[in-house]
Number of protein chains: 2
Amino acid sequence: MSHILIQNGYVITMDGPPIRNGVVLIEDSKITYVGTEVQQAQHIIDAKGCVVMPGLVNVHNHAAMTLFRGYSDDLPLKEWLEEHIWPAEAQLKDEDVYHGTLLACLEMIRSGTTAFADMYFFMDQAARAVEESGMRASLSHGMIELFDKAKGDADLKEGIRFAKKWNNAADGRITTMYGPHAPNTCSKEFLARVTTQARSDNIGMHIHILETKAELLEMKEKYSMCSIHLLDEIGFLDHNVLAAHCVWLSSGDIDILAEKRVNIVHCPVSNMKLASGIAPVPELLNRGANVALGTDGCASNNSLDMFEEMKTAALLHKVNSMDPTALPANQILKMATVNGAKALKIPAGQIKAGALADIIIVDMQRPHLLPNHDLESHLVYAAKGSDVRTTIVNGRVLMEDGVVVSLNQEKVMEQAADSALKLIQRVNEQ
Amino acid sequence: MSHILIQNGYVITMDGPPIRNGVVLIEDSKITYVGTEVQQAQHIIDAKGCVVMPGLVNVHNHAAMTLFRGYSDDLPLKEWLEEHIWPAEAQLKDEDVYHGTLLACLEMIRSGTTAFADMYFFMDQAARAVEESGMRASLSHGMIELFDKAKGDADLKEGIRFAKKWNNAADGRITTMYGPHAPNTCSKEFLARVTTQARSDNIGMHIHILETKAELLEMKEKYSMCSIHLLDEIGFLDHNVLAAHCVWLSSGDIDILAEKRVNIVHCPVSNMKLASGIAPVPELLNRGANVALGTDGCASNNSLDMFEEMKTAALLHKVNSMDPTALPANQILKMATVNGAKALKIPAGQIKAGALADIIIVDMQRPHLLPNHDLESHLVYAAKGSDVRTTIVNGRVLMEDGVVVSLNQEKVMEQAADSALKLIQRVNEQ
């Protein structure tokens, strides 16, 4: 039995008040003790001067898009997608997705993310990367039907094959979802088919909803109703749904999302960078909706650092509501931990006995994190992913004292850079 | 003669196209060669895999406020100022300002800032800290007259004494300005007096302008005109003025600021965190105004990392204008280097022969900075202060390979933490 003891840290449990000089005991994949009593274990981690907290949960990602980081920025959305991202994605090979996802996992482990939700292509390769990295993830094959029945059939078939093959794989670290792309890229019939399949398989669905005003206008034109009402009409919306973005919501939409207990993924950096708009997050939270945070893919961020996402979320909603009390630090921390874990249906996001041992240790004794007036505030407003020293997932140490042990960092970096270079060469040869 | 040679890096000169495998030669305080020819020097820095670029210029700071980092966040502005920040500032001692400014310099050196503008109290102590740290700074004694003539007299006297004592001190690294606080905290007469003094001494002025809507309303109530028009009327505005914030500008105000060549300091993180509003930066730039970037003090940010400020500026204006092409990466880099140096009247902000040797070296071979499609984009959208390896100011290496050599890091951290603790104890005893 593998025991890990973390002691002397400031434990932010997200399950009650913080514990000074706290003791956290991990046995196998779970936390078995949290408190201040002395415990024994083979592997002892001294967290003096550090915060011990639940790992961050990145609930919307297209991990392999790390290969497109910096490939085409500052462009109009249509030109960016049609002339750059789509042509590049058309050249993706399965090995690229493996290398890109490994690079993403490396970046996430280094910056304190322990679990993420991913939607992309060649997902067997993404799953292989997640399995090797030691991370936890909820994976879905992205199904972009584009109103083409044959494409929809093939996509759903692949989605089902992938979901069944990998659900609960890698000691339960990998779970799966169905990934219908968006209400304006999939037909109503296709969305209804996926819903039936998901209910029958008891599998969740990961979808983009109302990321852009263009989607809202298209839906109103086509269906005389917005995406939320259409999805509600076909019975799509429930607590097994992960809805990314949700920027262009009406007040009625917010009520529906809250009532149906849909999990909403706020992606502030991506929404700002692509000029998509500002999601009504304070209103969603006020009405009881579960709102978590996601980075989106690297092409539209260009970082997978959840610390940055936390700070940006807090800042954006303060200025947008002209209220400096909006989204305070403790609420932001909850979104990045508790709410994210809830969205992925994993018993994590808190440091408590019985929870999964998905834990990070953040070094607070750095010049930009002094003085120690308020460590919760520092985590949101001053800390960076690079302040994470140790990352533990499922009771296994993936990074200790800044050294990633689950992956060969040099090799992952080299192979991803090489994949990206060759990919762009193929694009340029077209 | 002290020679430093930086070779094998990707040199972003901000004075023309980047140079691959570039060579930068530093002699004493200046850059004497930039190109690709082999050069000789005693001290050779290998920048393989790194970007070599001008140091970042943080044009609005209250450096010693590092002591208040995390002290009181997420509060309404009035409560924050009146019940927390001002009572704490009332307990500040001169040694606190020394320790707080040293901590700020340490954080800035580590995150790639080479020069900053500061306005605060006990400025002899701030100057002492800057002198020891090796940084470059433009310092001003903050003069908050509050419509009290005696206070105004005393403040101006101290402002003049400080400015004359320290201007061009520390081998020219320290310059000084007059620091009238804001148009709504100083009388028109006082602002006119400072203007006369500044013109006569050929010294610039550092001021907050229209940070909040409250200032705009107060000014309109009191003078039937806004701050910009009042300052213009008394002849305050010219190219020697550093105007922080400038959030609540009319179109006419923008014309005046551009025409008078006022240097505007955009502080997006602070403006978002305090819910002050969004400055019309794209409009200012379009009309030819010089706009630089600043972090503001740590109480309202809570970081001095200019990389974060760059990314936040780009993101904020994209979403605010609903235009993903707004403030592209190269424009943001110019704001943080060229425009900042111009605002501080220092011949820096570019890597070219004759410029001051204020240079940083950023390690791009990190997981979150791969692949290398576009290094300018990475600097704005993916890099962090923690990616800076080496910081050079005035031809002197202040940090090399992540180790600060101009300051005793442990001692600075310990003394600042101790100062902050005792300061808050004094506040709590009141």
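**Exercise 1. Describe the surroundings of Ser303(B).**

Step 1. Ser303(B) is buried, because its relative accessible area is 2%; buried means under 20% relative accessible area, exposed over 50%, and partly exposed in between, with a 1.4 Å probe and protein chains only.

Step 2. This is a predicted model, in which local features need pLDDT of at least 70 and side-chain atom pairs count only at pLDDT 80 or more, while totals for chains, interfaces and linings use all residues. Residues are numbered from 1 along each chain as its sequence is written, chains are lettered from A and ligands numbered from 1 in the order in which they are written, and side-chain values use heavy atoms, with hydrogens and water left out.

Step 3. The loop between strand 13 (290-293) and helix 11 (306-321) of chain B holds Ser303(B). Helices (H or I, at least four residues) and strands (E, at least two) are DSSP runs, numbered from the N terminus.

Step 4. A polar atom of the Ser303(B) side chain lies 3.0 Å from the backbone nitrogen of Asp305(B).

Step 5. Leaving out residues up to four places away in sequence, Ser303(B) touches residues of both chains: Lys311(A), Tyr381(A) and Lys384(A), and also Arg69(B), Glu107(B), Thr295(B), Cys298(B) and Glu308(B). Contact means heavy atoms within 4.5 Å.

**Exercise 2. Work out how chain B is related to chain A and what they bury between them.**

Step 1. A turn of 180 degrees and a shift of 0.0 Å along the axis lay chain B on chain A with an RMSD of 0.0 Å. The copies are superposed by least squares on the C-alpha atoms of residues with pLDDT of at least 70 in both.

Step 2. The two copies are therefore related as by a two-fold rotation axis.

Step 3. Ser386(B) has the C-alpha nearest the axis in chain B, 3.5 Å from it.

Step 4. The same surface serves both copies, since 100% of the contact residues of chain B recur in chain A.

Step 5. Across the interface, 63 residues of chain B are in contact with 63 residues of chain A.

Step 6. Between them the chains bury about 4600 Å², 68% of it on carbon and sulfur atoms. Buried area is the accessible area (1.4 Å probe) that two parts lose on being put together, summed over both.

Step 7. In chain B, the most area is lost to chain A by Asp74(B), Pro367(B) and His373(B), together 15% of what that side buries.

**Exercise 3. Give the strand order of the open sheet in chain A and place two helices on it.**

Step 1. The sheet has 8 strands in the order 6-7-8-9-10-11-12-13, with parallel pairing. Two strands pair if DSSP finds at least two bridges between them.

Step 2. Strand 6 (56-61) and strand 13 (290-293) are the edge strands, each pairing on one side only.

Step 3. Neighbouring strands are turned by 25 degrees against each other on average, direction ignored. Axes are lines fitted to C-alpha atoms, for helices over the stretch in contact, and angles run from 0 to 180 degrees between N-to-C directions.

Step 4. One pair in chain A is strand 7 (residues 113-120) with strand 8 (residues 136-143), parallel over 6 bridges. Ala115(A) has Arg136(A) in strand 8 as its bridge partner.

Step 5. Helix 2 (residues 94-110) of chain A lies across strand 6 and strand 7, at about 150 degrees to strand 7. Helix 4 (residues 149-166) of chain A lies across strand 8 and strand 9 (174-180), at about 165 degrees to strand 8.

**Exercise 4. Describe the backbone at Pro371(A), Ala275(A) and Met322(A).**

Step 1. Most residues other than glycine have a negative phi, and most peptide bonds are trans.

Step 2. The bond joining Leu370(A) and Pro371(A) is cis, with omega about -10 degrees. Pro371(A) is in the loop between strand 14 (359-363) and helix 13 (375-381) of chain A.

Step 3. Ala275(A), not a glycine, has a positive phi of about 55 degrees. Its place is in the loop between helix 9 (268-273) and helix 10 (281-286) of chain A, and at 8% relative accessibility Ala275(A) counts as buried.

Step 4. Met322(A), also not a glycine, has a positive phi of about 55 degrees. Met322(A) is in the loop between helix 11 (306-321) and helix 12 (329-343) of chain A, and counts as partly exposed at 39% relative accessibility.

Conventions
Polar contact = N/O pair within 3.5 Å; in protein donor to acceptor, adjacent residues only side chain to side chain.
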